[in-house]
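Work through these short exercises with the model in view. Try each task before you read its solution.

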Amino acid sequence: MNAIDTHISETSQRELAAGVLKQAEQDLRRFHDASSPIERELYLDAYRWVMSDDCIWPFSFLNVCQLLNLVPEHVRQDLTGHLSLGTFSRWVRHCARAVQRLQILLASVSRTRQTMKATEPSTLVHTLH
């Protein structure tokens with residue numbers, strides 16, 4: 001597997017991990033006060049996933065956090081503590097998440113640039129021929 005294929009694979013894994021985390025966040029918010037058994041089970045599944053310390057499954061909560069360079073304890077607090085917060089506090093946390101995502105994006109762009117530079121043929125080799 002060359003550097004570009006590796007980068008694409010890593011990017012795809014991060015995108016999938018981000019999607020899994022986003023779905024858990026949505027389920028925790030949407031179904032927190034659910035009364036139907038199915039919706040309550042969706043909430044409990046998401047809650048158990050977030051609280052689990054399992055590392056066996058590739059997309060376990062801890063592995064997702066590691067793949068996305070997130071601190072699991074902070075993410076857990078963010079996902080489970082949001083319901084008791086007021087509007088302003090939720091807005092502050094939302095902004096903090098946006099900043100964190102921007103930092104991850106910028107780090108990814110930087111890694112991509114480094115990978116692309118590493119795979120470019122050296123200009124020195126061309127000048128010698």
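**Exercise 1. A salt bridge**

Which side chain meets that of Arg 48 in a salt bridge at 3.5 Å, N to O?

*Solution.* Note first that this is a predicted model.
Step 1. Find Arg 48 and look at its side chain. The partner is Glu 41, with N and O 3.5 Å apart.
Step 2. Check the exposure of each residue. Arg 48 has a relative accessible area of 46%, so it is partly exposed. Glu 41 has 38%, so it is partly exposed.

**Exercise 2. From a pair to a network**

Find which residues are linked with Arg 48 in a network of salt bridges.

*Solution.*
Step 1. Look for another bridge made by Arg 48. Its side chain meets that of Asp 45, at 3.2 Å from N to O.
Step 2. Ask how these two are placed along the helix. Asp 45 and Arg 48 are 3 residues apart in helix α2, so about one helical turn separates them.
Step 3. Check Asp 45. Its relative accessibility is 39%, so it counts as partly exposed.
Step 4. Put the bridges together. Glu 41, Asp 45 and Arg 48 form the network.

**Exercise 3. A bridge between distant parts**

Find the salt bridge partner of Arg 76, and say where each residue sits.

*Solution.*
Step 1. Arg 76 pairs with Asp 53, and their closest N and O atoms are 2.9 Å apart.
Step 2. Place them. Arg 76 is in helix α4, while Asp 53 is in the loop between α2 and α3. They are 23 residues apart, and the pair links distant parts of the chain.
Step 3. Compare their exposure. Arg 76 has 13% relative accessibility, so it counts as buried, since buried means under 20%. Asp 53 has 56%, so it is exposed.
Step 4. Set the bridge in context. The structure holds 4 salt bridges.

**Exercise 4. A buried charge**

Which side chain of opposite charge is nearest to Asp 27, and how far away is it?

*Solution.*
Step 1. Locate Asp 27 in helix α1.
Step 2. Look for the opposite charge. The nearest is Arg 30, 4.3 Å away.
Step 3. Apply the cut-off. A salt bridge needs nitrogen and oxygen within 4 Å. Asp 27 is buried yet has no salt bridge.
Step 4. List its surroundings. Beyond neighbours within four places in sequence, Asp 27 is in contact with His 32, Leu 42, Tyr 43 and Ala 46.

**Exercise 5. The nonpolar core**

Find which elements give two or more residues to the largest nonpolar core.

*Solution.*
Step 1. Pick out the core. The largest one has 19 residues. Those with the most contacts inside it include Leu 21, Trp 49 and Phe 61.
Step 2. Name the elements. They are α1 (3-30), α2 (37-51), α3 (61-67) and α4 (72-81).
Step 3. Follow one residue. Beyond neighbours within four places in sequence, the contacts of Leu 21 include Trp 49, Phe 61, Val 75 and Leu 79.
Step 4. Recall the general trend. In soluble globular proteins, nonpolar side chains tend to be buried together.

**Exercise 6. A nonpolar surface patch**

Find which residues make the nonpolar surface patch of about 370 Å².

*Solution.*
Step 1. Find Leu 105 in helix α5 (residues 87-119).
Step 2. Add the other members. The patch is made by Leu 102, Leu 105, Leu 106 and Val 109.

How values were computed: Residues are numbered from 1 along each chain as its sequence is written. This is a predicted model: local features need pLDDT of at least 70, side-chain atom pairs count only at pLDDT 80 or more; totals for chains, interfaces and linings use all residues. Side-chain values use heavy atoms; hydrogens and water are left out. Patches are made of residues with over 30% relative accessible area and no salt bridge: like charges are joined within 9 Å, nonpolar side chains (Val, Leu, Ile, Met, Phe, Trp, Tyr) within 5 Å. Accessible areas come from the Shrake-Rupley method with a 1.4 Å probe; for residues, only the protein chains shown count as cover. Helices (H or I, at least four residues) and strands (E, at least two) are DSSP runs, numbered from the N terminus. A nonpolar core is a set of buried Ala, Val, Leu, Ile, Met, Phe, Trp, Tyr and Cys residues joined through side-chain atoms within 4.5 Å. Buried means under 20% relative accessible area, exposed over 50%, partly exposed in between (1.4 Å probe, protein chains only). Contact means heavy atoms within 4.5 Å. Lys and Arg count as positive and Asp and Glu as negative; His and the chain ends are not counted.
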